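Trainee: I'd like a close look at one part of this assembly, chain C, and how its pieces are held together. Could you walk me through it slowly and then place it beside the other chains?

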Amino acid sequence: MIPAAFEYAKASSVDEAVKLLDKFGEDAKVLAGGHSLIPLMRLRLAQPKALVDINGIKGLDHIEAKGDKLHVGALTRHFAIHSSDVIRDKLPILAEVASEVGDNQVRNMGTIGGVVAHADAAGDYPTIALMLDADIVTNRRTIPAKDFFKDLFTTPLQANEIVTEVVFPVANGPHKYIKFRRRLFDWAIVGAAAQKVDGHWRIGLTNVGPTPVRAKAVEDALGKGAKPEEAAQHASDGLNPAGDLRASPEYKKHLARVLTRRAIEQAQ
Amino acid sequence: MANGDELHPIQQAFWDEHGLQCGYCTPGFIMAAAYLLEQNPNPTEDEIRRGLEGNLCRCTGYVNIVKAVQTAARTMSSTPARKTQVTAGGN
Amino acid sequence: MAVTQLVGAKIHRREDPRLITGHGHYIDDFTRQGTAYASFVRSPVAHARVKSIDVTDASKAPGVVGVYTARDFKGQLAGTHPAAPAFVAEKKYVPERFPIAEKEVTYQGEIVAVVLAESKGQAADAANMIQVDYDDLPVVMDLEKALAKGAPKAHEAGPDNVCWDFTYTPLDLTEAAFKEADVVVKERVLQNRLAPVPMEPRGVLADYEGFDKKLTMWLSSQNPHFIRLFVSGALGLRESQVRVISPDVGGGFGSKISPYPEDYLVPALSRMTARPVKWIETRTESIQNSTHGRGQFYDCEVAAKKDGTLLAMRVVQYVDVGAYHGTFGAFQPVACLMAGGGYKWKGISARTVGVLTNRVPTDPYRGAGRPEATHLVERMVDLVALELKMDPVDIRRKNFIQPEDFPFTQNFGLVVDSGDYDKSLDKALELAGYAELRKKQADLRKQGRYMGIGLSTWIELCGFGPSAATAPATGGIALVESAQVRVTPTGAVIVYTGTHSHGQGHETTFSQIVADQLGVPLDSVELRHGDTAEGTSFGYGTYGSRSLAVGGVAISKAVGKVIDKGKKLAAHIFEAAEEDVVFEHGNFHVKGSPDKSKAFGEVAFASYGMGLPEGMEQGLEAVAYFDPPNLVWPFGAHVAVVEIDAETGSVKLEKYVAVDDCGNIINPMIVDGQIHGGVVQAIAQALYEEVVYDESSGQLKTGTMIDYLVPSAGEIPPFILDKTITPSPTNDLGVKGIGEAGTIAASVAVINAICDALSPLGIKHVDMPATPDKLWHMMKEARK
């Protein structure tokens with residue numbers, strides 16, 4: 001449980017962080033909240049040569065509504081997202097999701113940028129970002145969420161590229177995120193999100209494949225007037241989830257259908 | 001957290017309610033409880049259980065830990081002077 | 001005994017001030033100057049020949065003191081890992097076990113090399129550089145396949161995979177009863193393999209002082225004297241040369257009873273390098289290498305009459321022994337001897353089979369054998385009730401051993417000391433609101449909802465134990481208990497016990513007993529344990545709910561001896577006959593003249609002075625050993641209420657009622673705490689926890705706390721607790737044990753509730769852990 005030796009540098013600006021990443025090269029990792037990276041390092045499943053700590057960068061934890069967009073800085077902690085009045089007003093589903101991430105210790109340290117960049121299939125924010133067509137903004141470019149989550153732990157981010165903010169559309173209509181898990185602090189076995197945007201449902205699923213999934217078939221069925229229980233039957237269309245210790249592929253697909261229906265029914 | 005020999009109300013409550021057995025997880029639970037009560041001075045039982053979700057205990061079955069937090073919340077809300085100390089402890 | 005003041009009262013724990021202020025002393029809090037740190041290289045594969053070990057790079061790594069493999073320990077350590085006979089007198093094949101593997105590794109995590117370095121990090125880095133070349137061998141995982149003819153073997157050199165195959169009572173014993181049966185129910189009942197997961201992992205700090213030839217070991221143990229015995233033997237030292245200190249211990253649950261490979265290797269390294277050596281287990285090592293519990297299955301048949309009278313049981317227990325015989329691994333067959341539970345049977349046929357596999361060894365885990373027995377018999381009784389459409393309450397009442405039957409000799413010749421099983425069941429049903437629950441269940445069933453009510457009317461045998469039973473089981477040492485009471489000239493009382501508290505609160509409860517008996521304030525009693533350099537010659541540790549019923553009684557006996565000497569001395573002072581001296585409320589006086597008295601402290605002071613009675617030596621102290629005439633038999637009734645989500649298979653535990661009887665109670669607060677913790681560990685077994693290995697590779701899949709699901713506060717319902725009190729006739733205190741009761745009782749209450757909930761679907765039996773995925777699949781199949 002002792003990580004391999006690594007170099008450590010703390011950046012005070014995005015530019016400095018990029019320079020440090022350039023200096024350390026491919027084997028460097030960005031350290032934000034550290035709640036995914038450090039456990040992996042302790043188990044020596046990750047052995048980066050260097051860590052570039054971006055926690056000292058000021059101004060990366062902003063929460064701002066600008067017009068019909070909500071800008072959330074990459075270093076914004078889950079707790080801040082959960083307790084932000086702006087988010088509760090402009091995109092309440094995000095506050096709801098933040099309150100369900102990990103436990104208090106994780107929520108006080110973990111960041112939205114870290115979750116997005118890590119691209120774990122069980123991450124909750126990626127589902128919301130994908131479903132709502134959010135943009136992932138880095139020091140170099142803006143990447144639409146649909147192009148960002150390419151595969152398990154795989155994004156288009158370059159070695160010296162840092163996520164700086166996530167830009168969501170404002171959406172404060174009926175919404176619900178249901179996270180099915182064994183223990184309160186666990187990752188989702190399956191998660192389902194429902195959000196009404198301009199009179200149309202958006203449906204997202206967590207941990208039913210290597211990337212978050214937008215359940216377009218459900219959205220379309222609902223658009224054509226199907227009842228939630230009918231539409232939700234399409235939640236598993238095209239899914240091919242991997243089984244794990246907690247759930248078989250079949251069960252995950254079943255959960256996707258059940259949770260989707262419940263999310264739509266319970267959305268408010 | 002203790003002030004000399006005077007225990008913090010959370011420590012006192014863990015003692016009073018038998019909120020520990022082997023004691024190994026106890027400092028973590030006391031700090032988690034301090035944070036929880038700082039955020040929410042009058043938590044419901046469900047809120048306490050949720051607030052402690054990040055800490056594991058293998059001895060107590062959590063029953064008396066939850067009781068201890070309830071007791072501490074009562075003591076602290078009836079003696080406001082102690083509240084500031086929790087902030088110090090919680091940070 | 002003096003008038004009781006402290007015994008029976010909720011006394012605040014004396015351990016707590018240090019523990020709630022962060023001043024506990026666990027293993028990692030101890031350091032010695034010049035310590036080197038050990039990191040173990042463990043086999044990543046479950047079964048292989050070790051072809052070669054290349055330590056070249058590691059030896060040259062920064063901070064490395066040395067790299068060692070099996071060869072290096074050959075002259076240092078002798079003998080094989082101890083394997084107690086326990087409840088299986090004859091073994092078929094017990095593989096030799098050296099603490100470090102040389103030619104063959106037989107489970108993932110087995111040690112093949114060790115690095116010593118100046119820091120923990122350097123040791124871990126260098127350990128990663130060691131190259132081991134393995135030649136994979138087939139793995140033995142499935143117990144039935146392991147028993148098949150020509151199956152691959154867990155040890156290449158072994159004759160087969162049978163560690164033991166022992167028949168307690170033959171099949172024909174129950175033939176007549178099965179012939180007269182109206183119904184026979186049959187089931188295979190699984191016991192999921194569990195990891196004990198104490199919050200404090202294991203750890204050893206050893207300091208061998210070469211000039212004095214003395215070894216001091218600090219280790220996190222439930223059982224320091226036995227560790228001294230085993231380690232001194234292996235290192236070729238006299239027991240007097242070894243001092244074992246087990247300080248505050250962050251939980252054990254059975255996993256810190258037996259010696260471990262590291263317990264031998266770390267002190268050997270200290271002797272080899274003339275430096276203190278420390279090793280602290282990581283969490284992954286803890287889950288991977290600390291002994292596991294359970295890991296069994298049972299094939300069981302029960303014969304009954306159609307009025308619900310139980311006739312006979314046939315049971316075969318299959319135990320996953322693991323790759324080596326755990327020191328007390330053969331304790332688990334006690335499940336066979338307890339398979340009849342609290343009921344009367346004409347006969348029970350029982351056989352146990354221990355199977356070697358390529359998994360970490362199993363050993364006692366909280367309850368050890370008795371949770372399995374309760375789970376089995378309570379499950380089978382429910383199956384009979386279901387078959388006969390009887391209420392589970394009625395079938396239990398019909399077959400209970402009755403209060404007037406005690407002492408009751410059960411089918412295996414064990415004598416159940418006392419009990420009143422209906423009484424605890426009555427109370428539990430009342431607290432649960434059983435009749436209303438059944439009504440509610442009927443209503444919910446009409447709505448298509450799955451609510452279930454589960455019972456567990458459990459019994460336990462504990463308090464190990466009587467020499468006649470335990471000396472053969474350990475291979476010679478009777479698991480009695482020792483105590484020493486020393487009284488200083490100013491009347492301070494220091495008590496040494498051979499038990500070891502790791503959360504049970506002995507510093508408090510044992511002091512309550514002493515303070516009452518001596519009539520002195522609690523504060524003047526000091527309770528010590530966990531250091532083999534102090535107290536009596538031997539102590540027996542804490543496990544098997546034995547500490548109070550054996551250790552507490554030994555203390556009481558030693559205090560009695562001190563009082564007896566005090567009486568002799570007081571008689572001399574009073575110039576009265578010894579038999580006329582009375583000791584009460586902490587004062588000696590002559591019968592009839594209580595106003596002229598001597599306080600205990602005064603007599604203690606006098607005992608160190610001059611003018612003692614003829615032949616009396618100075619001082620006031622005594623040693624006592626207690627060899628209990630019988631085991632003790634706690635019991636109780638638990639009720640669990642669950643509702644299962646018809647769509648997802650999630651189980652919600654709605655209510656949990658526990659009525660337990662552990663005889664007389666010293667400290668009710670501590671008793672409740674033991675029940676809470678025990679019940680939660682059993683709920684965890686029923687719903688969450690399972691050690692999972694890949695069946696084809698033998699790789700552990702649940703090596704972290706993310707995958708091994710120890711529940712948090714959020715998963716546990718509030719409990720309703722109550723007691724009945726049926727004193728034990730076995731000891732003067734009338735006490736039984738409570739440390740394991742909750743774990744023994746609860747898993748089956750939860751599973752019975754789940755089976756009850758799903759019975760409308762025709763589901764009769766569910767194995768543990770009852771995960772949502774498993775239940776969903778079962779419900780889906782049943783609905784087809």
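Mentor: Here is a walk through chain C, with a short stop at chains A and B at the end. Keep in mind that this is a predicted model.

Let's start with the layout. The domain assignment cuts chain C into three, and the pieces are not simple stretches: domain 1 takes 16-21 + 481-626, domain 2 takes 31-137 + 199-251 + 256-289, and domain 3 takes 296-464 + 630-783. Between domain 1 of chain C and domain 3 of chain C, the C-alpha centres are 40 Å apart. Where they meet, domain 1 of chain C brings 17 residues and domain 3 of chain C brings 19 residues.

People often quote the size of an interface as the accessible area lost when the parts come together. For domain 1 and domain 3 of chain C that buried area is about 1,300 Å², and carbon and sulfur atoms account for 65% of it. On the domain 1 side, the residues that lose the most area to domain 3 of chain C are Gly544(C), Ser545(C) and Leu548(C), which together make up 36% of what that side buries.

What about charge pairing there? The rule finds 0 salt bridges across the interface of domain 1 of chain C and domain 3 of chain C, but 7 residue pairs are in polar contact, with both partners at pLDDT 80 or more. Two elements, helix H16 (506-518) and helix H17 (547-574) of chain C, give two or more residues to the domain 1 side. H17(C) has the largest share of that side, with 6 residues. Sorted by class, the domain 1 side facing domain 3 of chain C comes to 6 nonpolar, 10 polar and 1 charged residues.

Now zoom in on a spot within chain C, around Gly663(C). Gly663(C) sits in the loop between strand E27 (651-661) and helix H19 (668-687) of chain C. With a relative accessible area of 0%, Gly663(C) falls under the 20% cut-off and so counts as buried. Leaving out residues up to four places away in sequence, Gly663(C) touches Ile725(C), Thr726(C), Pro727(C), Gly734(C) and Lys736(C). There is also Gly419(C), which is 244 residues away along the chain, yet the C-alpha atoms of Gly663(C) and Gly419(C) are separated by 9.1 Å.

Lys736(C), one of those neighbours of Gly663(C), leads us to the salt bridges. Side chains of opposite charge can pair when their charged atoms come close. Lys736(C) does this with Asp417(C), at 3.5 Å from N to O. Asp417(C) is in the loop between strand E17 (415-416) and helix H13 (421-432) of chain C, and Lys736(C) is in the loop between strand E28 (719-723) and helix H20 (741-758) of chain C, so the bridge ties together parts 319 residues apart in sequence. Both Asp417(C) and Lys736(C) are buried.

Compare that with Asp405(C) and Lys344(C), whose side chains meet in a salt bridge at 2.8 Å, N to O. Here too the bridge joins loops: Asp405(C) lies between helix H12 (392-399) and strand E16 (408-409) of chain C, Lys344(C) between helix H10 (334-337) and strand E15 (347-356) of chain C, and the two parts are 61 residues apart in sequence. Asp405(C) is partly exposed at 21% relative accessibility, and Lys344(C) is partly exposed at 34%.

A further pair is Arg188(C) with Asp299(C), whose closest N and O atoms are 2.8 Å apart. This one links strand to strand, with Arg188(C) in E8 (residues 183-191) and Asp299(C) in E13 (residues 296-304) of chain C, 111 residues apart. Arg188(C) counts as partly exposed at 29% relative accessibility, as does Asp299(C) with 24%. Elsewhere, Arg42(C), Arg202(C), Glu262(C), Asp263(C), Glu281(C) and Glu285(C) form a network of salt bridges.

Finally, the other chains. Chain A and chain B meet through 10 residues from chain A and 9 residues from chain B, burying about 840 Å², of which 44% comes from carbon and sulfur atoms. The rule finds 1 salt bridge across that interface: Glu53(B) with Arg107(A), the closest N and O atoms being 2.9 Å apart. Helix H6 (residues 104-109) of chain A gives the most to the chain A side, with 4 residues.

Technical notes
Residues are numbered from 1 along each chain as its sequence is written. Chains are lettered from A and ligands numbered from 1 in the order in which they are written. This is a predicted model: local features need pLDDT of at least 70, side-chain atom pairs count only at pLDDT 80 or more; totals for chains, interfaces and linings use all residues. Side-chain values use heavy atoms; hydrogens and water are left out. Contact means heavy atoms within 4.5 Å. Buried area is the accessible area (1.4 Å probe) that two parts lose on being put together, summed over both. A salt bridge is a side-chain nitrogen of Lys or Arg within 4 Å of a carboxyl oxygen of Asp or Glu. Buried means under 20% relative accessible area, exposed over 50%, partly exposed in between (1.4 Å probe, protein chains only). Domain bounds come from an automatic or database domain assignment. A polar contact is a pair of N or O atoms within 3.5 Å; within protein, one must be able to donate a hydrogen and the other to accept it, and residues adjacent in sequence count only if both atoms are side-chain atoms. Ala, Val, Leu, Ile, Met, Phe, Trp, Tyr, Cys and Pro count as nonpolar, Asp, Glu, Lys and Arg as charged, and the others, Gly among them, as polar.
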